[in-house]
Amino acid sequence: MEKREVFKIEGDKIVRQRKNCPKCGDGVFLADHKDRASCGKCGYTEFKTKKQEEQKA
Ligand SMILES: [Zn+2]
């Protein structure tokens with residue numbers, strides 16, 4: 001069984017502030033993570049924190 005919950009919309013307003021993917025453009029949002037946001041479409045990753053302690057190999 002596969003249950004996908006990408007995001008929840010309460011009523012007609014979006015609770016979380018989501019960013020658009022700069023590569024994919026309007027309509028494609030970055031998936032919200034703890035320290036970063038990433039695009040599930042093109043793989044673009046944007047770090048929220050100022051210092052990048054974690055580096056992806
Ligand atoms: Zn993208």
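The chain has four strands and zero helices, and I should say at once that this is a predicted model. Read along the sequence, the pattern is β-β-β-β. The four strands make up an open sheet in the order E1-E2-E3-E4, with antiparallel pairing. Strand E1, residues 20-21, and strand E4, residues 45-47, stand at the edges; each has a single partner strand, so one side of each is left without a neighbour in the sheet. As a general reminder, strands of a sheet pair through backbone hydrogen bonds, in either a parallel or an antiparallel sense.

Let me take the pairings one by one, beginning with E1 and E2.

E1 and E2 run antiparallel and are joined by two bridges. Asn20 has Phe29 as its bridge partner in E2. Three residues separate these two strands, and together the strands form a hairpin.

Next come E2 and E3. Strand E2 covers residues 25-32 and strand E3 covers residues 36-39; they pair in the antiparallel sense over three bridges. Let me walk through the residue pairs here. Leu30 stands opposite Cys39 in E3. Ala31 has Ser38 as its bridge partner in E3. Asp32, in turn, stands opposite Ala37 in E3. E2 and E3 again form a hairpin, with three residues between them. In a regular strand, side chains alternate between the two faces of the sheet.

The last pairing is that of E3 with E4. Three bridges join these strands, which run antiparallel. The two form a hairpin with five residues between them, and Gly43 in the turn has a positive phi of about 90°.

One residue of E4 deserves a separate word: Phe47, which lies in that strand. Its bridge to E3 is made with Arg36, whose partner in E4 is Phe47. The two residues are eleven apart in sequence, while their C-alpha atoms are 4.2 Å apart in space. Is Phe47 buried or exposed? Phe47 has 15 C-beta neighbours inside 10 Å, and therefore counts as partly exposed; the cut-off for a buried residue is 20 or more.

I turn now to the loop between E3 and E4, where Lys41 has its place. Which residues does Lys41 contact, once its neighbours within four places in sequence are left aside? They are Cys21, Cys24 and Val28. For Val28, the separation from Lys41 is 13 residues in sequence and 7.9 Å in space, C-alpha to C-alpha. Lys41 has 13 C-beta neighbours inside 10 Å and so counts as partly exposed; a residue would count as exposed with 12 or fewer.

Finally, two figures for the chain as a whole. How many of its 57 residues, as a percentage, count as buried? The figure is 4%. As for contacts between residues at least 6 apart in sequence, 0% of them join residues at least 24 apart.

To summarise, the model shows an open, antiparallel sheet in the order E1-E2-E3-E4. E1 and E2 form a hairpin with three residues between the strands, E2 and E3 form another with three residues between them, and E3 and E4 form one with five.

Terms used
Residues are numbered from 1 along each chain as its sequence is written. This is a predicted model: local features need pLDDT of at least 70, side-chain atom pairs count only at pLDDT 80 or more; totals for chains, interfaces and linings use all residues. Two strands pair if DSSP finds at least two bridges between them. Two residues are in contact if their C-beta atoms, placed from the backbone, lie within 7 Å.
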